Protein chains: 2
Amino acid sequence: MAKQDRAIRTRRTILAAAAKVFEQRGYQAATISEILTTAGVTKGALYFHFESKDDLAQGVLAEQDQRLVVPRRPCRTQELVDVVMLHAHRLRTDPMVRAGVRLSLDQQAHDLDRSGPFLRWVQVLDQLLDDARAQGELLPHVVPAETAEVLVGSFAGVQAMSQAISDYQDLPDRVCVLLRHVLPTVVLSSVLASIDLSRTRGAVVLAELDADAGADSRPALLERQPVG
Amino acid sequence: MAKQDRAIRTRRTILAAAAKVFEQRGYQAATISEILTTAGVTKGALYFHFESKDDLAQGVLAEQDQRLVVPRRPCRTQELVDVVMLHAHRLRTDPMVRAGVRLSLDQQAHDLDRSGPFLRWVQVLDQLLDDARAQGELLPHVVPAETAEVLVGSFAGVQAMSQAISDYQDLPDRVCVLLRHVLPTVVLSSVLASIDLSRTRGAVVLAELDADAGADSRPALLERQPVG
């Protein structure tokens, strides 16, 4: 394994350990030494990649950004639905995403700047809404930045409520209901009629991404469909 | 002061102290001894009113219920808006409400049943929506229980986002924008046109309640308007 591959792998191991410890203990109570033990790496390795607990938390928070990409759709409202539903699906299945969302809502993390994920999510949805507007999918009064903020804030609360009430079991249903309440004030009814808003949408998109990644790693076998 | 009045006052002092400590430390790190010191009461007094830390937290959570009442309105959608906007206003001004909301979103409070406030809020909004439906204010497809859940979940997230980004400075604006995104899919446009959805609505309703409470304590001066 090349030296760079090893470094990437070590960084990933440390982040996964940090995610686990932050999720179990919360930011305030988590310690670097517990993250070290969980990761099974040396102090030197950890400090090579991360300066501090804050830095580790920002690393976990930033991992969400890697997961904001979905296949491009002709209908940008569908793409927006896909981003949101995929995130809901990953909250139930991907410990790194769950840890990031919990950190961003950790009210006791006083010294940690938790605004980053909110602002980056708003940016992504704002861009998708801008594109949707350019394609004539939106109602005329919509202010994309405002709608993006409402969607990000609402999603954060709906997932917290789902966690408190059902430990995320009802999350896909709750997110569907949220979108069905907000999208009719944002997009044309003809757009609404054409998009897939079903509760399994997140799993469908993930399977599509996985199939695409599989195709990517077998370039000799089949030609990859362009997705971006 | 009658013995019962003293007991009510002591209970209130203890709850205020518990709210403060839970808000500062989070549920997990908070201790009964710190709540005792903050309240300045004896251990005997505290245990007379509350059995455990869990019991104290449930007491703080339940305090929100006392604050769910707004003056009755001919338009029940306005009453719903008033409940929501008043809650947003109190989140900025009432430490007990803030502590309750933070406790209900405290992800590290593993042993604490945090579903109560969510469920009670849903119940209140569900009832208001049922009444609104009976008066013909709702669009025909609306399922009041679903809409109530969306509103409660969304509100929880919008306030968390407001806290993370602006320490609640932009909360009234964010809640107005949320309601403007959801209500058009729920109520008739003629109802929308008649309700006050302005950002100062919470403060207006609180002033009204305060004036009413003042009138209540001066029964000889003016006759109290019925509100319920």
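Here is a chat about how two chains sit together in a predicted model.

Biologist: Hi! Before we start, what kind of model is this?

Modeller: It is a predicted model. Let's begin with the two chains.

Biologist: Sure. How are the two copies related?

Modeller: Chain B can be laid on chain A by a turn of 180° and a shift of 0.0 Å along the axis, with an RMSD of 0.0 Å. The two copies are thus related as by a two-fold rotation axis.

Biologist: And what share of the contact residues of chain B recur in chain A?

Modeller: The figure is 100%, and the same surface serves both copies.

Biologist: How many residues are in contact?

Modeller: On the chain B side there are 40 residues, in contact with 40 residues of chain A.

Biologist: What area is buried between them?

Modeller: About 3100 Å² is buried between chain B and chain A, and carbon and sulfur atoms give 58% of that. In chain B, the residues that lose the most area to chain A are B:Gln107, B:Met161 and B:His181. Together they account for 22% of what that side buries.

Biologist: Nice. How many salt bridges are there between chain B and chain A?

Modeller: The count between these chains is four. Over all chains, the structure holds 28 salt bridges.

Biologist: Which residue does B:Glu149 pair with?

Modeller: B:Glu149 forms a salt bridge with A:Arg174, and their closest N and O atoms are 2.5 Å apart.

Biologist: What about B:Glu146?

Modeller: B:Glu146 forms a salt bridge with A:Arg180, where the closest N and O atoms are 3.8 Å apart. B:Glu146 lies in helix α8 of chain B and A:Arg180 in helix α9 of chain A, so this pair joins two chains.

Biologist: Now the other way round: how do α8(A) and α9(B) lie, and which residues make the contact?

Modeller: Their axes come within 10 Å and cross at roughly 95°, so α8(A) and α9(B) are roughly perpendicular to each other. From α8(A), the contact uses A:Glu146, A:Thr147, A:Glu149, A:Val150 and A:Ser154. From α9(B) come B:Arg174, B:Val177, B:Leu178, B:Arg180 and B:His181. By class, these residues divide into three nonpolar, three polar and four charged.

Biologist: Changing topic, what about α1 and α4 inside chain B?

Modeller: Helix α1 covers residues 3-29 and helix α4 covers residues 53-63. Their axes come within 9 Å and cross at roughly 105°, so α1(B) and α4(B) are roughly perpendicular to each other. Residues in the contact include B:Ile14, B:Leu15 and B:Phe22 of α1(B), and B:Leu56, B:Ala57 and B:Val60 of α4(B).

Biologist: What classes of residue are in that contact?

Modeller: The contact of α1(B) with α4(B) has nine nonpolar, two polar and four charged residues.

Notes. Residues numbered from 1 in each chain as written. Chains lettered and ligands numbered in written order. Predicted model: local features only at pLDDT ≥ 70, side-chain atom pairs only at ≥ 80, totals over all residues. Heavy atoms only, no water. Axes fitted to C-alpha atoms, helices over the stretch in contact; angles between N-to-C directions. Helix = DSSP H or I, 4+ residues; strand = E, 2+ residues; numbered from the N terminus. Parallel < 35°, antiparallel > 145°, perpendicular 65-115°, else oblique. Contact = heavy atoms within 4.5 Å. Nonpolar A, V, L, I, M, F, W, Y, C, P; charged D, E, K, R; others polar. Least-squares fit on C-alpha atoms with pLDDT ≥ 70 in both. Buried area = accessible area lost by both parts, 1.4 Å probe. Salt bridge = Lys/Arg side-chain N within 4 Å of Asp/Glu carboxyl O.
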